[in-house]
Each structure stands twice: as structure tokens, then as C-alpha cells.
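Student: Could you take me slowly through one part of this structure, the open space in the protein and what surrounds it? I would like one connected explanation that I can follow with the model in front of me.

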Amino acid sequence: MSCNKLFSRYLLIIALLTLVSCSSQPSETLYTKCVQFPEGASLDTKIDMISRLVPTPQQLEWQQMELTAFLHFGINTFTGNEWGDGNDDPQLFNPSALDCEQWVSSLCDAGFKMVILTAKHHDGFCLWPTATTEYSVKSSPWRNGKGDVVRELREACDKHGMKFGLYLSPWDRNAECYGNSPEYNKFYMAQLSELLTNYGEVHEIWLDGACGEGPNGRVQEYDWDSIFALIRNLQPHAVTAIMGDDVRWVGNEGGLGRATEWSATLIAPKSYTHRSSANIELGLEEMSEDLGSRNLVAKADEAYWYPSEVDVSIRPGWFFHPEQNSEVRSLANLVDIYFRSVGCNSTLLLNIPPDSRGLLHEVDVERVKELSEYLRATFSENMVVNGDEARSVAVGESLEYDVVIDSTVNTLLIQEDISRGQRVEDFMVEIYSDGKWRCVAEATTIGYKRLLRFEELHPERLRITIRGARGVANISNVGLFYAEPLEDEAADHN
Ligand code: FUL
């Protein structure tokens, strides 16, 4: 969808927002999801505009979820493959004890707010009884061919108040029509229609970027505009990820967010094919280190609210392989990943693959439980007095807070009110103790959430100085916490 179309769609909302804003407060024009800079605009004008680029309501809700579980499950679970070639016998799909409630209740207890299931991976095998192909659960012995994993998961999610998302691989190594572009687009959209019509509310649709050739080397050209139009029509509250234009792939599968992470970014979603040349001119790829600096703003003519998601597996593989049971990530490693994802203005999409029984493995369940207990223990008591009062602060100004007497801390949490844009570029953290101020941390972006770790301290006061920002920064929350140091005993998969 073009920026122009998006722009006009949100114009009305912006106009309404402007109307209802309190008369004693100057109203700010906000740009939702996309902003086009006027031709010849100065850097100052562009910076001012990008500072008022904000998420859609569904992007904001998605960001606030913080933790999502990825469930890679399918024919590969029974063959030992990571990428099936589309020729594996559907008879192999036969989980002996599939129980989606076990998945969802364990993940719910561990603090996950949403699950995303691989309804179809690159092999083309469908976990629901689709009318589009025979290559599905319907041709398997599981529940005598009458089963539907997507439905069972949906029901478990409803029971436990878990949000529900789906991965439908665009690349399909089984579909004969793959590579015959118009025909496969029709086929893919028919699959999407089934999933988005028959299974209640879908909150995230994961459109993977991996893509190979079809039979005889044919290259599939996806009709992204029609695919997005269909999704918006059937599931208007869903966010679309990766090839989608609401959620951006962080650029690696190792759990490593960027220290400087802009949700207000210059990189256009890959599926905006009309913007490919702009990405090339700016030298932007999902892996690029810099996606939002002033330097890029100066050269760009369009910007997007396109926040990042860190996808990483709890095991070396995305699918379950029993020989990897001893290689499940350690608690310390998962905590690091949490700090490098949620703590770096991203969300964490942690893959916990069900095994061939159709259950989450005991080791994985135990590990995510440990993670949630650790996070609960760490973040339950904020030592900053009135840290959750919203405060606005200009460049060069500081925010000062009292700290609870006799507290021991080693972690700072800070959040911007991103419903008014992402603005902070550079800030410094100081603590007051023994009669003097001392700098304990410095960083660049904040965004939805930033976590910083430092040595154990006993502060009496806390001071945050905004050294660089795009206009006035809106800080919504500040906290100091104590995170128990952990030693990593397991292999590092990074
Ligand atoms: C990649 C896929 O090729 C992997 O198999 C996995 O699904 C991962 C999340 O995305 O692009």
C-alpha cells in the first residue's frame, strides 16, 4: 500500500484528534505509521515531522505485549528437518498426545501474551484441513484425518485469554502452482481467507521472508497489495510482520536487538516494491546497523513507524529435535536476550517448539517458567519514587527523582510515551550518593522501553539528563530495580 493511501486514511483520525484536544494545550499534528517529507524540506522540518510519527493503535497494542511465543510445529517435527522439501509423506504427521492447552497454559503462566503458530511452513504442509490442497492434517493418521491444530490452539487461547497469531509461509515447496505468480497468489490468498475467516480474531500475521524458486526455476512474484488488502479487510486489528508493514524483522535470529533502535525509521517494508529503489539509495537493509539517524533523515523523503521484533529460538533449531534437549538456552542467556530485545525497544518472539508427542518439552517449559519468575522478581518493586508520573523534558534538561531509602539497584528502566512519537537520541543516567552525583550509564534511543544494567548501587536520588532529542521528550515511566546476577553455564547460541 502506498504512503499516500495510508496518509489519507489516517487524515480523518488526525483531524478528529486535533479537534478533541484540550483547548488550553497546543495541539500537535501526529502522523500515523507513515510520513512524507515535503520536497526540499530542511533537516529541521524533517526532524520535527518524524518526531510526530506515531504507531497505529494495533502497533501500539502489539508493542505493549512485549513477549510472544513462537510455535514451530509441522511435518518437520516428524522428519528431523528444518526446511522440508514439500515431498514428505503426510502419514508421518502423527503426534501421540497433542494438547494445545498444555502449550497455552504453560506459556500463559510464563507471562507470554500471544502465541504464533506455523500454520504452514515452507514445506507447504497445512496444520488445518484446508480446501486448497491435500497436503495437510486431513491426509494424516492424526485424529483419523479429522484433526485441526489451528482450531485446537484457537480454543486453548480463548480459554486462557491468550492472543493468537499465525505464520503462513509465502514460500511453498509443495504447491505445484508456486512460481506461476497469478495462480499461486490466488492459492495463497485462499489459504489466508480460510485462516482469517474461520478462527476468530488473529492479532499477528507472520509473512516470512525466506523465498526460493518454484519448479523449473520459476520466480514467484507476490501480489502484496492484494494480500494486505485482504488481511485488512478480514482482520482489521491484526499486525502484519516481516514481509508485512507493521512489524519489522530485527535482522538476525540470535536474539540481538540494536543498542540504537528507532521505531520511527527510514527503511521501507520490503513488500513496498515501489520503495525498493529508495531503500537501495539509502543503503538500507533489515540488517543495517543504522535505520533512523539524522544523517539518514536528511537524505530520505519518507519515514515509517516500523518497530522491530526479535525472533529467536530457545533451541538451536526452529523445529523440535530430540537431540537438542541438552542445548536449550540457559536462564542467563534468555535474560540477556530479554535485555537485548524488550530492553532495546523491540518485542521478543521466543520460539518454543512442540515435540513429536505434540507437547512442549519439560525442559523448555521449566526454562520459560524460570525466566518469568526471574522477570517477576526483578521488576516487581520499583525503587524510584513517583517514577510512573508522565513528564516532558527538553534537550539539556534533567528529570530528578527520590529513590526509596536503603535500596540496592543495578538496573534502570525508562520508557517514552510512544503514542506521541519516539524522540530521545541521547541520555545520561546519574545517581546521587555519599554527597555527590556520578554518571552510571549513557545510551542513545529509548522508545517504548529501554533497560540498562550497571554495577550494584545504593542511590539516594536519580537524575536523567536528555542530551539529544527530536523536540520535547515525553517520558512515561522511570524505574530502578535489582536483577540478581546470573552465571551462564550453557552453550551460547549467539
Ligand atoms: C525463517 C525460516 O526460514 C525459518 O525456518 C524460521 O521459520 C524463521 C522464523 O524464519 O525465515
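Tutor: The lining of the largest pocket divides into 14 nonpolar, six polar and seven charged residues, and please keep in mind as you follow along that this is a predicted model. In total 27 residues line the largest pocket, and those that lie nearest its centre are Gly209, Ile242, Trp249, Lys270 and Glu286. The space inside the largest pocket comes to about 550 Å³, and this pocket is also the space taken by the ligand.

If you now turn to the ligand itself, you will find around it Phe70, His72, Trp83, His121, His122, Tyr167, Trp206, Asp208, Ala210, Glu253, Asp311 and Trp318, where being counted as near requires a heavy atom within 4 Å. Sorted by class, this shell holds six nonpolar, three polar and three charged residues. Some members of the shell can be followed down to single atoms: an N or O atom in the side chain of His72 is 2.7 Å from an oxygen atom of the ligand, while for the side chain of Asp208 the corresponding distance from an N or O atom to a ligand oxygen is 2.8 Å. Trp83 also takes part, with a polar side-chain atom that lies 3.0 Å from an oxygen atom of the ligand. On its own the ligand has 290 Å² of accessible area, and the protein covers 91% of that.

The enclosed space can be described in a similar way. Rolling a probe the size of a water molecule over the atoms shows where empty space is left. Counting cavities of 30 Å³ or more gives one, and the largest cavity has a volume of about 30 Å³. Its lining is made up of Gln58, Glu61, Trp62, Met65, His203, His237 and Val239, which divide into three nonpolar, three polar and one charged. Helix α3, spanning residues 57–65, gives the largest share of this lining, with four residues.

Methods
Residues numbered from 1 in each chain as written. Predicted model: local features only at pLDDT ≥ 70, side-chain atom pairs only at ≥ 80, totals over all residues. Heavy atoms only, no water. Polar contact = N/O pair within 3.5 Å; in protein donor to acceptor, adjacent residues only side chain to side chain. Areas by Shrake-Rupley, 256 points an atom, 1.4 Å probe, with all protein chains shown as cover. 1 Å grid on protein atoms, 1.4 Å probe; cavity = no way out; pocket = protein on both sides within 12 Å on 5 of 7 lines; lining within 4 Å. Sits in = over half its atoms within 2 Å of the grid points. Nonpolar A, V, L, I, M, F, W, Y, C, P; charged D, E, K, R; others polar. Points joined across faces, edges and corners; volume = space filled by probe spheres on them. Helix = DSSP H or I, 4+ residues; strand = E, 2+ residues; numbered from the N terminus.
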